[in-house]
Amino acid sequence: MRIGAHVDQADPLAEAAARSAEAVQFFLSDPQGWKAPKPREDAERLRAAEVDLYVHAPYVINVATLNNRIRIPSRKLLLGHAAAAAGIGAKGLIVHGGHVNAGDDLAVGFDNWRKTFAYAADSGGFPLPVLIENTAGGDNSCARRLDALARLWDALGDHEVGFCLDTCHAYAGGEELLDLVDRVKAITGRIDLVHANNSKGGFNSGHDRHDNLDGGTIDPDLVVAVIRAAGAPVIVETPGGAAGQGADIAFLRDRLVTGA
């Protein structure tokens, strides 16, 4: 099981070394902006690295929305990031499940996800796995609660799509972590990546505020149990820089190896 962290995009391999990480996740552009990613000068070094790479798509992307001014640019930006992520040898592109606005039909949001994959197929399809991530808040979200996730997966049909399970988002979104992996896999059939985060917010708070594994409101044993059951690579998105994330990685390695 490969364990790593979300790091600054400037020099991901140096950040990995600072944390003794076997995997890193990073952005390729401003996570709050609409600019397409630029070619990286270190692309060849990244492709040759023994560290597993994951790219997180910008937060602004929302392919579910009924707002054309957001949805259409989101599709294009998602495809652009997929191409750039594949170009550096990334194993997956993580993107949030998105939402519709209050009063809009959530069923249209699910269908807009289907259209996103159809749009990508028109240009040859996504060049690497796209991993949809569950989210913490919003009553109109496509991937907060598992009942919505089931509707999303039904809408996506036969399209090849992966899943990223975030423990903070699940807990803050109102899903108990006990047996969560079994319930998710009953819907998606897979978990490709785990974001291992504790939560500063309480259960069902809707607050997307990550904490270190030995802090927050989630029993760390539950986070470890989710990881063990998922059997997927792990990324911590916790605070504290190299020291804080390094401690979280060491904690997980110890618990998963010893079985404590």
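Let us begin at the surface: D139 counts as exposed, because its relative accessibility is 74%. This residue sits in the loop that runs between β5 and α5. From D139 to A82 the C-alpha distance is 28 Å, and the two are 57 residues apart in sequence. Please keep in mind as you read on that this is a predicted model.

**Helix α5 and its surroundings**

Following the chain onward from that loop brings us to α5, which spans residues 146–156. Which residues of this helix are buried? They are L146, A148, L149, L152, W153 and L156. Viewed down the axis of α5, these buried residues fall within an arc of 150°, so they line one face of the helix. A general rule helps here: an α-helix has 3.6 residues a turn, so residues three or four places apart point the same way. On the other side of α5, D147 and D154 are exposed.

What do the buried residues of α5 pack against? Their partners are two helices, α4 (106–121) and α7 (180–188), together with two strands, β5 (130–133) and β6 (162–166). Just past the end of α5 comes G157, with a positive phi of about 55°.

**Two residues with a positive phi**

Glycine is not alone in this. In general, most residues other than glycine have a negative phi. Here S20 has a positive value, near 55°, and it is placed in the loop between α1 (12–19) and β2. D179 also has a positive phi, near 65°. The loop that holds D179 lies between α6 (167–172) and α7.

**Q25, a buried polar residue**

Now for the interior. Q25 belongs to strand β2, residues 23–26. Is Q25 buried or exposed? Its relative accessible area is 0%, so Q25 is buried. Its side chain makes a polar contact of 2.7 Å with the side chain of H195. A polar contact of 2.9 Å also joins the side chain of Q25 to that of E237. Leaving out residues up to four places away in sequence, Q25 touches a list of residues that includes A5, H6, V7, Y54, H56 and I94. L193 and I235 are among its contacts as well.

**S29, in the loop after β2**

A little further along, S29 lies in the loop between β2 and α2. With a relative accessible area of 10%, S29 is buried. The side chain of S29 makes a polar contact with the side chain of H81, at 3.3 Å. Apart from neighbours within four places in sequence, S29 is in contact with Q9, K35, P37, P58 and H81.

**Salt bridges**

How many salt bridges are there in the model? The count comes to 12. Three of them are set out here, with the distance between nitrogen and oxygen.

| Pair | N to O distance |
|---|---|
| D11 and R45 | 3.2 Å |
| R19 and E15 | 2.7 Å |
| R255 and D221 | 2.4 Å |

Take D11 and R45, which form a salt bridge. D11 is in the loop between β1 (3–6) and α1, while R45 is in helix α2 (residues 43–48), so the pair ties together parts that are 34 residues apart in sequence. D11 counts as partly exposed, at 29% relative accessibility. R45 is partly exposed too, at 43%.

The bridge between R19 and E15 stays inside a single helix: both residues lie in α1, 4 residues apart, about one turn of the helix. R19 is buried, with a relative accessible area of 7%, whereas E15 counts as partly exposed at 25%.

What about R255 and D221, joined by a salt bridge of 2.4 Å? R255 lies in helix α9 (residues 241–258) and D221 in helix α8 (residues 220–230), so this pair links parts that are 34 residues apart in sequence. R255 counts as buried at 15% relative accessibility. D221, at 40%, is partly exposed.

Salt bridges can also join up into a network, and D111, R114 and K115 are linked in this way.

Note on methods:
Residues are numbered from 1 along each chain as its sequence is written. This is a predicted model: local features need pLDDT of at least 70, side-chain atom pairs count only at pLDDT 80 or more; totals for chains, interfaces and linings use all residues. Side-chain values use heavy atoms; hydrogens and water are left out. Buried means under 20% relative accessible area, exposed over 50%, partly exposed in between (1.4 Å probe, protein chains only). The arc is that of the directions from the helix axis to the C-beta atoms. Contact means heavy atoms within 4.5 Å. A polar contact is a pair of N or O atoms within 3.5 Å; within protein, one must be able to donate a hydrogen and the other to accept it, and residues adjacent in sequence count only if both atoms are side-chain atoms. A salt bridge is a side-chain nitrogen of Lys or Arg within 4 Å of a carboxyl oxygen of Asp or Glu.
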